[in-house]
Amino acid sequence: LLLVLSSLCFNGVVGRGGWATMGGVEGFEVRGRSLADDVGKNSVLFNVKSFGARADGINDDSKAFIAVWKEACKATGKVNLLIPKGTYLIGPVKFSGPCKNASSIIFHLKATTNLSKYRFGTGWIEFRWLEGLTLTGGGTFDGQGAKAWPYNRCPTDFNCKLLPTNLKFVGMNRTVVRGLTSLNSKFFHMALVECRHFKGSKIKISAPDYSPNTDGIHIERSSSVYFSRSRIGTGDDCISVGQGNSQVTLTSITCGPGHGISVGSLGRYRNEGDVNGLVVRDCTMTGTENGIRIKTWANSPDSSAATNMTFENIVMNNVTNPIIIDQTYCPFTSCTAKASLGPSRVKLSDIYFKKIRGTSSSAIAVTLECSKGIPCQNIYLEDVHLDLSSGEEHATSSCKNVRAKYIGTQIPPPCA
């Protein structure tokens, strides 16, 4: 599947015209094959305007995209889906597989701000159960989130309704996403759920620092995931690695503003899967609330584990909490009396912080606050050098329920 979104814009962004290609498609929805044009011996062209799309940025073109996808998915051989120059108001739309006969689908999009059109917790654009999708070409997904953020109750309400994610991938295998931009999502910008062998690179994600829950990339119950060479600035975690993940690698990520790169939050629900095999390497955090953070809920209802994780060669520029393990995580106002809550039941072990350097905007640059019920095991800090941004005195460390192991340079000094 090769989906090239060159000169294409989604969610209220104006496209410059061009192609988007989806090679080896296993699921796209379209209508009216009689309107398709042959473009070569083994190729078929579908023009979304032939299915009723107006591209005026005012009228909803969702039905046209669904119709054209259905027809393209039925087609045989190489399928070209043309989206001419224009601004397309669409969403929410699900492109589902499999497409059994198409070996390639090509296509080129504005997101509705009417929240009544979305099911809570779903995505604006969703790709589901596709094999071998390649999504590339420089398209932009503009979630127009500013009109939805006032309706986000999640920062204060434990049982809040989730607003739509810009771009959601569910049950995907062998996916490549390259060169895309996501702007001002209503909730998460990009979410992976139950995906395998996923590669993302040269992704740009942007939302203001006050935008709630606009995580750049959220990964859950996925394996063999690789993100690299991407720039992310949001109002929440640049990347959040949730429960049930294994073999996730994040490299050359530039993060800021935002809450840094986080593992978690973990331990909020029953039957959560373990996290293992995470590598975060060669990343830069600038002006973020956290740098590298591991967060697990206090009073967690079930047991799980996060183990075998490495954070290496990370630069911190004026970061509030450069290194933080927080096993009493609870962000709601009802959680003010954390001491009265039961301990986190997420076991943290075999975690390595290597070559972490730069500046901290807070006096405590290293915080290791582990669970009093299951203390952290095998926590290693090697060659850590974090000065105070102000240039005054030295930063300090704070530790609870852990005996970390130290190697090489240690600034701030280790916990006593």
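Analyst: Two strands count as paired if DSSP finds at least two bridges between them. Strands (E, at least two residues) are DSSP runs, numbered from the N terminus. This is a predicted model, where local features need pLDDT of at least 70 and side-chain atom pairs need pLDDT 80 or more, while totals for chains, interfaces and linings use all residues. Residues are numbered from 1 along each chain as its sequence is written, and side-chain values use heavy atoms, leaving out hydrogens and water.

User: Which residue of E17 does Leu 167 stand opposite?

Analyst: Let's start with the strands. E14 (residues 165-170) and E17 run parallel, joined by 4 bridges. Across that pairing, Leu 167 faces a partner in E17, namely Met 190.

User: And which residue in E20 stands opposite Leu 192?

Analyst: E17 also runs parallel to E20 (residues 217-220), again with 4 bridges. Leu 192 is buried (under 20% relative accessible area, 1.4 Å probe, protein chains only) on one side of E17, along with Met 190. Its opposite number in E20 is Ile 219.

User: Why does Ser 240 count as buried?

Analyst: Ser 240 sits in strand E22 (residues 239-241). Its contacts (heavy atoms within 4.5 Å) include Asp 215, Ile 217 and Gly 264. Ser 240 counts as buried because its relative accessibility is just 1%.

User: Where is His 259, and is it buried or exposed?

Analyst: An unreviewed UniProt entry annotates His 259 as "active site", and such annotations may be inferred rather than shown by experiment. His 259 lies in the loop between strands E23 (246-255) and E24 (261-266). With a relative accessible area of 18%, His 259 is buried.

Terms used. Buried < 20%, exposed > 50% of the residue type's maximum accessible area, 1.4 Å probe, protein only. Lists of a residue's contacts leave out its neighbours within four places in sequence.
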